[in-house]
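Hi everyone, thanks for coming. I'd like to walk you through one protein today, so have a look at the screen and we'll go through it together.

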Amino acid sequence: MAIAALADGDGEGLDGLIDERREVLEVSSLLFFFSFVVLPLLLSPVSTQVRADEEGFISILVSDKGLDFAKDLLVHRAVHSIIPLQLPQIERYVKIPLVGRVHVVLSNISIDGVEIDSSYVKTGEGGIVLIASGATANLSMNWQYSYSTWLVPIPISDEGSAFVQVKDMEVGLTLDLKDLGGTLKLSVQECGCYGSGCFPRKIVSAVEEAIPQKITEEILKLDALLQDLPNKIPVGDVASLNVTFVSDPVLSSSSIDFEVNGLFTAEDQIFASKYPHRPQTTSVTCSGANEMIKIFLHENVLNSASLVYFNADYMHWLVDKIPDQALLNTAGWKYIVPQLYKLYPNDDMDLNISVTAPPLVKITKQGLVLPFTQMLSLMFWIPVKSYQLPAFHW
C-alpha cells in the first residue's frame, strides 16, 4: 500500500503550495501502526446501504415467561383500576310469616378490594385467554329494612352497615390482538365473572355484572393507548426508526410474535406505514437471562441505518487531538515523508477520516462482518490560515 505525498517545491505562495506535484512513497510500519491503532477508537456504530423498497424486520417474541410477567402486571393493574367499584342499589320485598312484607334496601354497595388466589394466561388461534380463579371480593354496604303489621300499627325499621365477602369467584377474559394499519388493535371477545357465597343472588349478580363491565372499560383505555403509540421513534436529530407493525401478531400455545418494520429513515423522509412481509434470512438474536423477550434483528435494519447516517454526512471525522500528539505534527514524520517536513517544518496536522460508501453489514453465525477497510479514506491536512492543504492520504 502507498501514500501520496507532496513533492519538493519552492513553497512560494499559498497557490504554489497547493499546486506542488506529488510523488508516491512506500508506507512505513509506523504509518500502519498509527492507522490501525487510532482508527478503531474513532469509528462510529455500524451503518449500511439499502434500497427504499427493501424490508428490514425487527421481530419481538414474548415467551411464556414474558406472558406470565405481563399477566401478573395486567391483573395487578386491573385490580387497582376497578377499586373502589360502586354497585347499584338493591331493593326488594321479603315475605315473612306473621310479620308480612318486609322492605329491604341495600345501598352504597362498594367493592373495596379483590384478592386473586391464582391466575394463568393461554394463547392460541382463539386469542389471548386470561383466567383468574379463587378470587374474593370484599364489599361494604348500608342496609335498612322496614315493615308494619296489623298487630303493630306503627312502622318498624332499622338500619346499619355491613362488610361481606363474595368468595370463590372466577373471572375470564378473552382478547383479540390484530394489526390495524400499522398499529395494534386490542378488543374484548368475551369477558365473564362467576361467583358464589351465601348471599342474596342479587348481590352476587351485581358483582358478576359490574366487574366484566369495568374490565371492558379498562381494555378500551388500553386499546386507545396502543392506537396512540408513535409509528416512528426519533434516533437523535438525523434518523427515525420505523416501528409500524407489518402483520398480525402470531399467537402460539406459549408465545406471541410481533413483527415491526424496523427500518431506519431520515428524519425528514416520508415512509410507507407497512412493507410486504418477507421471511428473515439472516438475523441476530438478543434475549434476556430469563428469555422473557427475544428480539430478532434483520441485517437490513443495520443497512438502513448505514445509508441514513452516510447521507447525513456522519461518516466523516476530523481529528486534531490524539494521545500521542506528536503524530499530528510534521516533525513526527520527518524521516518517513521528508518532502513533507521540508515543505512544512514543525507544522501541526489534522487527520481527516472518511467512509467513501455506506458499508454493507452482513450478519453471520460468527458475528457482524464490516468491510470498512475497503471504504476508508485517510487524509492528513495542514491548516494554513483559512485553508487546509492536503499533506498525504491513504
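**A walk through the model**

Let's start from the outside: the accessible surface of this protein comes to about 22200 Å², and 57% of that belongs to carbon and sulfur atoms. Before I go on, please keep in mind that this is a predicted model.

Now the overall build. There are 6 helices and 23 strands here. The protein has 394 residues, and 42% of them count as buried. If you take the contacts with a separation of 6 or more, 64% of them are between residues 24 or more positions apart.

Okay, let's go inside. Which residues have the most contacts inside the largest nonpolar core? They are L87, I111, L139, V166, M169, V207 and I211, in a core of 79 residues. Helix 4, residues 201–227, gives the largest share of this core, with 9 residues. Have a look at V207 as an example. Leaving out residues up to four places away in sequence, V207 touches L87, I111, L139, V166, M169, C193 and P212.

Next, the aromatic rings. A quick reminder for the newer people: a pair of aromatic rings is described by how far apart the centres are and by the angle of the planes. In this model the count comes to 4 aromatic pairs. One of them is Y145 with Y147: the ring centres are 6.3 Å apart and the planes are at 15°, so this pair is stacked. Y145 has 29% relative accessibility, so Y145 counts as partly exposed. Another pair is F245 with F258, and this one is edge-to-face, with 6.2 Å from centre to centre and 65° between the planes. F245 is in the loop between strand 12 (239–242) and strand 13 (250–251), while F258 is in strand 14, residues 256–260, so the pair links distant parts of the chain, 13 residues apart. Are F245 and F258 buried or exposed? Both are buried.

Back to the tyrosines for a second. Y145 and Y147 form one aromatic cluster together with W143. And W143 brings us to E159, because leaving aside neighbours within four places in sequence, E159 is in contact with W143 and Q144. E159 lies in strand 9, residues 156–180. With a relative accessible area of 57%, E159 is exposed. The C-alpha atoms of E159 and V104 are separated by 9.7 Å, and these two residues are 55 residues apart along the chain.

There is also a charge to point out. The charged end of R101 sits over the ring of Y93, 4.5 Å from the ring's centre.

Last stop: the backbone. Where is the cis peptide bond? It runs from I83 to P84, with omega near -5°. P84 has its place in the loop between helix 3 (64–82) and strand 4 (85–86). Then there are two residues with a positive phi. N108 is not a glycine, yet its phi is about 50°, and N108 is in strand 6, residues 100–115. D168 is not a glycine either, and its phi is near 55°. You'll find D168 in strand 9. The relative accessible area of D168 is 59%, so D168 counts as exposed.

That's my tour. Thanks for listening!

Technical notes: Residues numbered from 1 in each chain as written. Predicted model: local features only at pLDDT ≥ 70, side-chain atom pairs only at ≥ 80, totals over all residues. Heavy atoms only, no water. Helix = DSSP H or I, 4+ residues; strand = E, 2+ residues; numbered from the N terminus. Buried < 20%, exposed > 50% of the residue type's maximum accessible area, 1.4 Å probe, protein only. Contact = heavy atoms within 4.5 Å. Areas by Shrake-Rupley, 256 points an atom, 1.4 Å probe, with all protein chains shown as cover. Phe/Tyr/Trp six-rings, centres within 6.5 Å; stacked < 30°, edge-to-face > 60°. Lys NZ or Arg CZ within 6 Å of the ring centre and 35° of its normal. Core = buried A, V, L, I, M, F, W, Y, C linked by side-chain atoms within 4.5 Å.
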